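Biologist: Please take one helix of this model and give a close account of how its buried side packs. Then place the charged pairs, the other helix packing and the unusual backbone points around that account.

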Amino acid sequence: MRAALGQASMVLRDVEQTDLPVLYEHQRDPEASQMAGFIPRDRAAFMLHWQHTVLANPAGEKRTIVVEHEIAGNILSWDDNGKRLVGYWIANAYWGRGVATLALRQFLIAHERTRPVFAYVAVTNLGSRRVLEKCGFVPVGPAEADELLMVLA
């Protein structure tokens, strides 16, 4: 059993170039990728995506999640086909500790104030769905394919 976040410090800070290798390794975790319904990118594709899509997007919000001076994941928001989306990736070592919920709450208060804001979640990823629900997201409708669209109004 993993210890809850409790009194540990968590901060959301700007993404730094030196974070990218760690974030790359997070998305390579087979269990996390399967749970998220995501096919991991190879190193070149990951770095290209982050450099030219994520970090280069002035309309996107992007933060590194740091717990006790270690990178625990990332949280982002961006525009996609008229919707403002939010997404996050938490390293496996931090699952079940409240990190995702706390990070999303802080992000929605301090960095992403657009409403409505949407999130896609794999239907089999019950943990992530619960995080979204704790932060006020509700399903938009029935799941399509393997994903459920949720909204915070």
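**Packing and local detail**

Modeller: In this predicted model, Glu-16 counts as partly exposed, at 38% relative accessibility (buried is under 20% relative accessible area, exposed over 50% and partly exposed in between, with a 1.4 Å probe and protein chains only). Local features need pLDDT of at least 70 and side-chain atom pairs count only at pLDDT 80 or more, while totals for chains, interfaces and linings use all residues. Residues are numbered from 1 along each chain as its sequence is written, and side-chain values use heavy atoms, with hydrogens and water left out.

The helix I would pick is α1, which spans residues 20-28 (helices are DSSP runs of H or I with at least four residues, strands are runs of E with at least two, and both are numbered from the N terminus). Leu-20, Leu-23, Tyr-24, His-26 and Gln-27 are its buried residues. They lie on the same side of α1 because they cover an arc of only 160° around the axis (the arc is that of the directions from the helix axis to the C-beta atoms). As background, an α-helix has 3.6 residues a turn, so residues three or four places apart point the same way.

The buried residues of α1 pack against two helices, α2 (30-36) and α3 (43-54), and two strands, β3 (70-80) and β4 (83-90) (contact means heavy atoms within 4.5 Å). Against α3, the residues of α1 that make contact are Leu-20, Pro-21, Leu-23, Tyr-24 and Gln-27. From the α3 side, Arg-43, Phe-46, Met-47, Trp-50 and Gln-51 meet them. The axes of α1 and α3 are 10 Å apart, and the helices pack at an angle of about 120° (axes are lines fitted to C-alpha atoms, for helices over the stretch in contact, and angles run from 0 to 180 degrees between N-to-C directions). The two helices are therefore oblique to each other (under 35 degrees counts as roughly parallel, over 145 as roughly antiparallel, 65 to 115 as roughly perpendicular and the rest as oblique). Their crossing is right-handed (the near helix is turned clockwise from the far one by less than a right angle; anticlockwise would be left-handed).

A second helix pair can be described in the same terms. The axes of α4 (99-110) and α5 (126-134) come within 9 Å and cross at roughly 40°, which makes α4 oblique to α5. This crossing is right-handed. Ala-100, Thr-101, Leu-104 and Arg-105 of α4 make the contact with Val-131, Leu-132 and Lys-134 of α5.

Next, the charged pairs. The structure holds 9 salt bridges (a side-chain nitrogen of Lys or Arg within 4 Å of a carboxyl oxygen of Asp or Glu). One of them joins Asp-79 and Arg-84, with the closest N and O atoms 3.1 Å apart; Arg-84 is buried, at 9% relative accessibility. Glu-16 pairs with Arg-13 at 3.7 Å, N to O, and Arg-13 is partly exposed at 23%. Within α5, Glu-133 and Arg-129 form a salt bridge at 3.1 Å between the closest N and O atoms. These two lie 4 residues apart, about one turn of the helix. Glu-133 is partly exposed at 31%, and Arg-129 is partly exposed at 29%. Elsewhere, salt bridges that share partners join Arg-13, Glu-16 and Asp-19 into one network.

Last come the loops. Most residues other than glycine have a negative phi, and most peptide bonds are trans. In the loop between β2 (61-67) and β3, Glu-68 has a positive phi of about 50° although it is not a glycine. His-69, in the loop between β2 and β3, also is not a glycine and has a positive phi, of about 70°. Glu-68 is partly exposed, with a relative accessible area of 40%, whereas His-69 is exposed at 78%. Pro-116, in the loop between α4 and β5 (117-122), is joined to Arg-115 by a cis peptide bond, with omega about 0°. Gly-96 lies in the loop between β4 and α4 and is exposed, at 71%. The C-alpha atoms of Gly-96 and Glu-25 are separated by 19 Å, the two residues being 71 residues apart along the chain.
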